[in-house]
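This briefing gathers notes on helix geometry, burial, cysteine chemistry and confidence for the structure shown below. Please read each group of points alongside the coordinates.

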Amino acid sequence: MSGLFAALFSVFAWIGSIIDPLCGPVGVFRWFGSGTLLACGDAGWGDEIAYGFLITASLAIATLPVGLVVGFFIALAKQSNEKSLRLAANIYTTIFRGLPELLTLFIVYYGMQILVQQFLATLGYEGPVEINAFVAGMIALGVVFSAYCSEVLLSAFKAIPHGQYEAGDALGFHRAKTMRLIILPQLVRIALPGLGNLWMALLKDTALVSVVGLPDILRQTGVAARVTKHAFEFFGIACILFLVLAMVSSVAFSALERWTKRAEMSR
């Protein structure tokens, strides 16, 4: 399994080296950082920071669909007629909204290793087990994001009139088709502002994975700051990179909101 993830990372790293906005062929560091601490190659720390930028963006993007899918089903469970489903969903959201994100990351990263080690020991395997830090970070951030996401989606579900479901029944749609054609488009439009805020929080929370050794923006700039003794400069670069991600995300979500409003008006 570790070999598979290593191979996938190699492929993503090769693709990222081509479209890298920092140290790629037309990267910012390559054009403007030559001769400075941000130079690409052996002369500076540009490559390391660019790799950290790629890891941070990849982790957030990989976590988003996981959190959305799990959060969607948790929101469905919260409004289910089955009492046990509602109870389980409420326990889930209470736990992962109440625990600090860093503690959740530690539980997933170290706890999964212990559980897998014990399971394999029952099968006779006594070798070392190491959980991939990227996967652990994606799972930990995904469950936290899904807990908050379920509340946003639940509020959006409640904002949709019950007559919309009845309209689907009147047209002879199955409940799944009603959900796909009638409910989901309205759900996305209503929930999008709240999901945009959660995405911004997710971007910031990716910095937590640096404590388990994943070379994200914060870890790479931290190493560079300790080695070069230029802490202000490198942590300033980290601030700028996170703000760039936030601004690009803000523009993307604003465009999505405009698109959903136009789609709603044209119906």
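In this predicted model, helix α5 covers residues 101–122, and because a rise of 1.5 Å a residue would give its 22 residues a span of 32 Å, the separation of 31 Å between its end C-alpha atoms agrees with expectation. The helix is nonetheless bent, by about 30 degrees, at glycine 111.

**Helix α5 and its surroundings**
- The buried residues of α5 are Thr104, Leu105, Val108, Tyr109 and Gln113, and the buried residues of this helix pack against α4 and α6, the latter comprising residues 133–159.
- Glycine 124, which follows α5, has a positive phi, near 100 degrees.

**Helix α9**
- Helix α9 runs through residues 217–228, and its twelve residues should span 16 Å at 1.5 Å a residue, which agrees with the 16 Å between its end C-alpha atoms.
- Buried positions in α9 are Ile217, Gln220, Thr221, Gly222, Ala224, Ala225 and Thr228.
- Lysine 229, just after α9, adopts a positive phi of about 65 degrees.

**Annotated transmembrane regions**
- An unreviewed UniProt entry carries the annotation "transmembrane region" for residues 49–77, 89–111, 131–154, 181–202 and 234–256.
- Of these, residues 49–77 are 100% helix and 0% strand in the model, with end C-alpha atoms 42 Å apart.
- Residues 181–202 are likewise 100% helix and 0% strand, and their end C-alpha atoms lie 29 Å apart.

**Cysteines**
- One disulfide is found when the whole structure is searched, and it is formed by cysteine 23 and cysteine 40, whose sulfur atoms are 2.0 Å apart.
- The link of cysteine 23 and cysteine 40 is left-handed, with -90 degrees about the S-S bond.
- This pair connects distant parts of the chain, 17 residues apart, with cysteine 23 in the loop between α1 and α2 (28–32) and cysteine 40 in the loop between α2 and α3 (46–78).
- Both cysteine 23 and cysteine 40 are buried.
- Cysteine 149 has a relative accessible area of 0%, and is therefore buried.
- Cysteine 239 takes part in no disulfide, and the nearest cysteine sulfur, which belongs to cysteine 23, is 19 Å away.

**Confidence**
- The protein chain has a mean pLDDT of 87, with 91% of its residues reaching 70 or more.
- Among the elements of the chain, helix α4 (residues 83–98) has the highest mean pLDDT, 95, whereas helix α1 (residues 2–19) has the lowest, 58.
- Where pLDDT is low, the predicted coordinates should not be read in detail.

Note on methods: Residues are numbered from 1 along each chain as its sequence is written. This is a predicted model: local features need pLDDT of at least 70, side-chain atom pairs count only at pLDDT 80 or more; totals for chains, interfaces and linings use all residues. Side-chain values use heavy atoms; hydrogens and water are left out. UniProt positions are given in the numbering used here, feature names are shortened, and annotations may be inferred rather than shown by experiment. Helices (H or I, at least four residues) and strands (E, at least two) are DSSP runs, numbered from the N terminus. The expected span of a helix is 1.5 Å times one less than its number of residues. Buried means under 20% relative accessible area, exposed over 50%, partly exposed in between (1.4 Å probe, protein chains only). pLDDT is the predictor's confidence in each residue, from 0 to 100. The bend at a residue is the angle between axes fitted to the seven residues ending there and the seven starting there. Contact means heavy atoms within 4.5 Å. A disulfide is a pair of cysteine sulfur atoms within 2.5 Å.
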